[in-house]
Each structure stands twice: as C-alpha cells, then as structure tokens.
Amino acid sequence: MGTETKSFGSSGREGHNASAFYSRKLMVEHQITTDSSLINWSTCRNQIFCESSDRMSERLLPNSVSLMITSPPYNVGKEYDNDLSTEEYLTLLENVFVETYKALEPGGRACVNVANLGRKPYIPLASHLIHLMNRIGFLMRGEIIWQKAKGASGSCAWGSFKMATNPSLRDVHEYILIFSKGRFDRARKGKSTISRDDFMRDTLSIWEMRPESARRVGHPAPFPEELPERLINLYSFEGDLILDPFMGSGTTCVAAKKLGRDYVGFDTNPDYCIIAHERLKKTKPLSDLQPQRPNSTNP
C-alpha cells in the first residue's frame, strides 16, 4: 500500500498519496488548467534569428513551443552585456519572458539558468527572477542546483582569509529554475528519449556538471552542452520545438538538433549567430550516428 500525507511526518514516499496536501488552500490557489486544443504547429523551425527576442511573437505562433531553455545575460560586464540598473535589467527579462509565455504551448516548460551576483551586497537574482516569472503567470515546478565545482581549487574570493573581519562565500553553484505554462503536465504526448538511469539522476534537485570552456566555444559565458541535453530529454518529446531567446553561441540549439528536436534561437550579436550557425552545421542527430542494422533479406 502507498503512504499518505500525515499530520506529523511520513517515512515512506514511494506510491505516496498527496491528495490531502494538494487540497489545502496553499496549493489550490496555484492550480490552473489550460485547454490542450490551443496548441499550434509553428513552421518557424530550425532557424536562428540575429535580432532581439523581445518581439518573438512576430516570428513564433502562440502556443507552439514545447520547451524554452536559456541563460540570460547576467549584466556583470561581459562583452555582450549592457550596463543596466537592476530595474532596467529585470524589465528586459520580463519583456522576453512575456514573449516566451505567449509562445509556449499549454504545459510547455521554461528552464532558466541563472546565478546570483556580487558580494557587497549579494544580489539574489534567482529570487528576483522567480517573482518575475510568477507575476507573468508561470507555474513554478522547482529549482535545480547546478554544482560546478567542489570548491577546493584555487578559486579565491575570501574577503579576509582566516579572519572574521569580512569573510565571503565562494559560489560553486548556479540555479536552473523550472516553470510551466498553465498546467504541470504536457497537453500533447509524444516519444520520450530519456533512459531509466538518466531519469533517476535528473529528477534529483542537485546536478553536478563541469563548466564549459569559454575559449573552446568562443563565448565568454557558455553553459555546458550537457545542461540543455538533460533538460531536453527530461522535459520534451522527439520532434518538439525548443526555444532559446538568449541563444549566445547556440548550445541549446545544438543539443536540440542532436537529440532529434527542432529549435529556434535568438541573439542580437552577429558574431555569436555566426558561431551558432557553424556549430549547427557540424552537428548530426544522434539517430544518424547509430549503426544501422543489417537487412536480413540480403545474402
């Protein structure tokens, strides 16, 4: 028999009946269902646009994107950043994620990789982003802590070494915030591509992945290809349309093509768009690379 939510603790979780918890006022006010018949099929597929993503509705049909994966510019002085105030920066993100919300199909997911910033003061960018996404109307599914390192390397941001004067924490993690549009389940079904072991690994809230080399990719702040690959396998079906509104060097689009999905990406930097085009030209779907079975009718 499965377990049920109890007033004081519950040891078992497998086959757990949480209906009592989800009937409470705390959860009922967040439950929304969107009509699955609203889904559109966009012909804007396998393209990248060297333009701002704050007008994506001019390119993408509403309710046509299955999954958005992105890492927005952090506004810390990288070569692609503008020097924006916190309010200006959050307005930029809100404009893009409103467009993302329009483009996502019912049950479509949005995954945002973000890091908190600074020390004096520490800016909880992930927290700001959660409030912003909730205000737009997204339903939050959870957060993944991306552990980038163990912290015993030569990284040095101590503030005052071995003194209580002003010690600073060294961030060895970033966040991947997960949201849905309108409903938590996918309105449309399809073929999954995730293995049993990967599903067990990737449904945990801490992912350990090494960062990508900026020099190798040609972008100052790339995330590793493994990051969108895990998210694509976990949250999408074969043939789904994957969106990255801050495409950069095209890592999300590359991962989508490799895993048999369609992609669309936006970036305002022509140099990064060229890099993305070149990477995509070299990328083959994994299904094309698998050895073909011999035809049993041949001698």
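What do the buried residues of helix 4 pack against? Let's walk through this predicted model and find out.

Start with the whole chain on screen. You're looking at 299 residues, 41% of them buried, with ten helices and eight strands to find your way around. Now show the surface: its accessible area is about 17200 Å², and carbon and sulfur atoms account for 52% of that. If you display contacts between residues at least 6 apart in sequence, 73% of them link residues at least 24 apart.

Next, select residues 125–136. That's helix 4, twelve residues long, and from its first C-alpha to its last it spans 17 Å, close to the 16 Å expected at 1.5 Å a residue.

Turn on side chains for Leu125, Ala126, Leu129, Ile130, Leu132, Met133 and Ile136, which are the buried ones in this helix. Look down the axis: they sit on the same side of helix 4, because they cover an arc of only 165° around it. There's a simple rule behind such patterns: an α-helix has 3.6 residues a turn, so residues three or four places apart point the same way.

Now spin round to the other side of helix 4 and pick out His131 and Arg135, both exposed.

Back to the opening question. Keep the buried residues of helix 4 showing and add helix 3 (86–103), strand 3 (104–114), strand 4 (139–147) and strand 5 (173–180): those are the elements they pack against.

One last stop: click on Gly137, just after helix 4, where phi is positive, at about 125°.

Key:
Residues numbered from 1 in each chain as written. Predicted model: local features only at pLDDT ≥ 70, side-chain atom pairs only at ≥ 80, totals over all residues. Heavy atoms only, no water. Helix = DSSP H or I, 4+ residues; strand = E, 2+ residues; numbered from the N terminus. Buried < 20%, exposed > 50% of the residue type's maximum accessible area, 1.4 Å probe, protein only. Contact = heavy atoms within 4.5 Å. Areas by Shrake-Rupley, 256 points an atom, 1.4 Å probe, with all protein chains shown as cover. Expected span 1.5 Å × (residues − 1). Arc of directions from axis to C-beta.
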